[in-house]
Amino acid sequence: MGDFIGHICPGLFLLFYGVYQSVIVSRAVIVNDSLLYPSYLSKKGRWARLWQIAHAGWLKIVAGSLLIVYEINCVEEGLKFMTEGLPPRFMYPKEWQHLTMFTLLALDGCVDVASKNILRQRCVVLERGTTVLGVYVLLLLLVSHVKDSSGVELQVHSLLILVVFLLLLVLTAELWAPEAVCLWMIETFLFLVMGSWLIQAGFILFRPVSGFPWEDDDISDIMFVTTFFCWHVMTDALCMLGIYGVSSFWHHCYSPSWRLMGSKEALYHESSSGSVYKLLQEAKQQDKDEQALLLPTSSSCDRA
């Protein structure tokens with residue numbers, strides 16, 4: 001899968017997943033909601049089952065399965081494991097590494113769906129642990145993936161390895177702090193950077209915009225790879241900020257109706273509680289009056 005489509009498709013998936021996570025995190029920050037157990041999961045009604053579906057898990061399953069099929073079909077002679085001659089030699093090492101990555105992605109999605117929709121009680125540790133394991137394996141595969149690379153290709157993949165390593169640290173920290181908003185924001189940002197950079201890598205390595213291939217011997221080309229990466233970092237940060245701004249605007253536009261309903265309910269509760277309070281005060285006053293009437297009679301009896 002070392003071609004243009006092989007970089008574009010995983011990049012689009014990671015970019016779409018990062019945007020999805022950005023919306024989730026932005027909503028949680030704006031309404032001060034839980035990241036692992038958001039309030040919309042407890043809704044009841046016609047669309048309750050739709051909200052409770054593990055959307056991210058199914059997205060991983062579908063994307064991983066499609067990428068596996070594409071990887072297998074990319075090899076015209078069939079994805080063989082070893083040669084038939086003596087001594088036998090391993091065949092298609094990079095393709096098998098790609099296949100391992102996509103299989104782990106699909107398995108991660110299966111664990112998400114099983115934990116959220118199949119098990120009686122959701123297991124967050126299992127979900128996060130599976131994701132961390134997949135990123136660990138991804139980092140190991142990427143390190144060995146660039147053994148025969150040099151020049152521009154080596155620089156492109158080295159920057160990708162840097163992002164995966166930082167993502168691994170964040171996901172590992174989330175095992176002990178699963179509700180930390182700052183960690184979720186960094187994780188989302190790194191997913192966006194991975195996705196956009198993979199898309200950029202497809203254009204750099206296979207379809208340059210200028211129409212001429214990048215030169216490995218030209219130091220300016222290697223330096224501009226890093227410059228482009230920095231531009232991606234800034235653009236993805238602005239993208240996250242834009243998603244937060246749009247989400248905030250959305251909630252401020254559509255929240256007044258909800259706030260109006262909430263204020264009406266609050267007024268209702270206040271009025272009801274106020275009426276109860278008045279009834280209690282009247283009852284207390286009536287008791288005091290009755291006690292005042294009883295006191296003279298009791299004193300007269302004592303004198304007799």
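Are Arg128 and Glu174 buried or exposed? Keep that pair in mind; the tour comes back to it.

**Whole chain**

Start with the full view. This is a predicted model. Colour by secondary structure: the chain has 8 helices and 0 strands. Read along the sequence, the pattern is α-α-α-α-α-α-α-α. Now switch on the surface. The chain exposes about 19100 Å², and carbon and sulfur atoms supply 68% of that area. Of the 304 residues, 35% are buried. For a contact map, take pairs with a separation of 6 or more: residues 24 or more positions apart account for 73% of those contacts.

**Stop 1: Lys60, Asp108 and Asp112**

Side chains of opposite charge can pair when their charged atoms come close. In this chain the count comes to 5 salt bridges. Select Lys60 and Asp108 to see one of them, with the closest N and O atoms 3.0 Å apart. Lys60 sits in helix H3 (residues 55-74) and Asp108 in helix H4, so the pair ties together parts that are 48 residues apart in sequence. Both residues are buried.

Add Asp112 to the selection. Lys60, Asp108 and Asp112 are linked in a network of salt bridges. Asp112 is also in helix H4, which spans residues 93-118. Its relative accessibility is 5%, so Asp112 counts as buried, the cut-off being under 20%. Show what surrounds this side chain. Leaving out residues up to four places away in sequence, Asp112 touches Ala54, Gly57, Lys60 and Glu127.

**Stop 2: Arg122 and Glu127**

Glu127, one of the contacts of Asp112, leads to the next stop. Select Glu127 together with Arg122. Their side chains meet in a salt bridge, 2.9 Å from N to O. Which partner is buried, and which is partly exposed? Glu127 is buried, with a relative accessible area of 5%. Arg122 is partly exposed, at 22%.

**Stop 3: Arg128 and Glu174**

Here is the pair from the opening. Select Arg128 and Glu174: the side chains form a salt bridge with an N to O distance of 2.1 Å. The pair links distant parts of the chain, with Arg128 in helix H5 (residues 124-145) and Glu174 in helix H6 (residues 151-174), 46 residues apart. As for the opening question, Arg128 is buried, and so is Glu174.

**Stop 4: Phe189 in helix H7**

Move on to Phe189, which lies in helix H7. What does Phe189 touch, not counting residues up to four places away in sequence? Select Val233, Asp236, Ala237 and Met240. Draw a C-alpha to C-alpha line from Phe189 to Met240. It spans 7.2 Å in space, while the two are 51 residues apart in sequence.

**Stop 5: the nonpolar patch**

Stay with helix H7, residues 181-205, and select Met185. Met185 is partly exposed, with a relative accessible area of 39%. Add Val29, Val181 and Tyr244, and show the surface. Together with Met185, they make a nonpolar surface patch of about 300 Å².

**Stop 6: the negative patch**

Finish in the loop between H7 and helix H8 (219-303), where Asp218 is found. How exposed is it? Asp218 counts as partly exposed, at 31% relative accessibility. Extend the selection to Glu215, Asp216 and Asp217. With Asp218, these residues form a negative surface patch.

How values were computed: Residues numbered from 1 in each chain as written. Predicted model: local features only at pLDDT ≥ 70, side-chain atom pairs only at ≥ 80, totals over all residues. Heavy atoms only, no water. Helix = DSSP H or I, 4+ residues; strand = E, 2+ residues; numbered from the N terminus. Buried < 20%, exposed > 50% of the residue type's maximum accessible area, 1.4 Å probe, protein only. Contact = heavy atoms within 4.5 Å. Patch = residues over 30% accessible without salt bridge, like charges linked within 9 Å, V, L, I, M, F, W, Y side chains within 5 Å. Areas by Shrake-Rupley, 256 points an atom, 1.4 Å probe, with all protein chains shown as cover. Salt bridge = Lys/Arg side-chain N within 4 Å of Asp/Glu carboxyl O. Lys, Arg positive; Asp, Glu negative; His and termini not counted. Charge placed at Lys NZ, Arg CZ, Asp CG, Glu CD.
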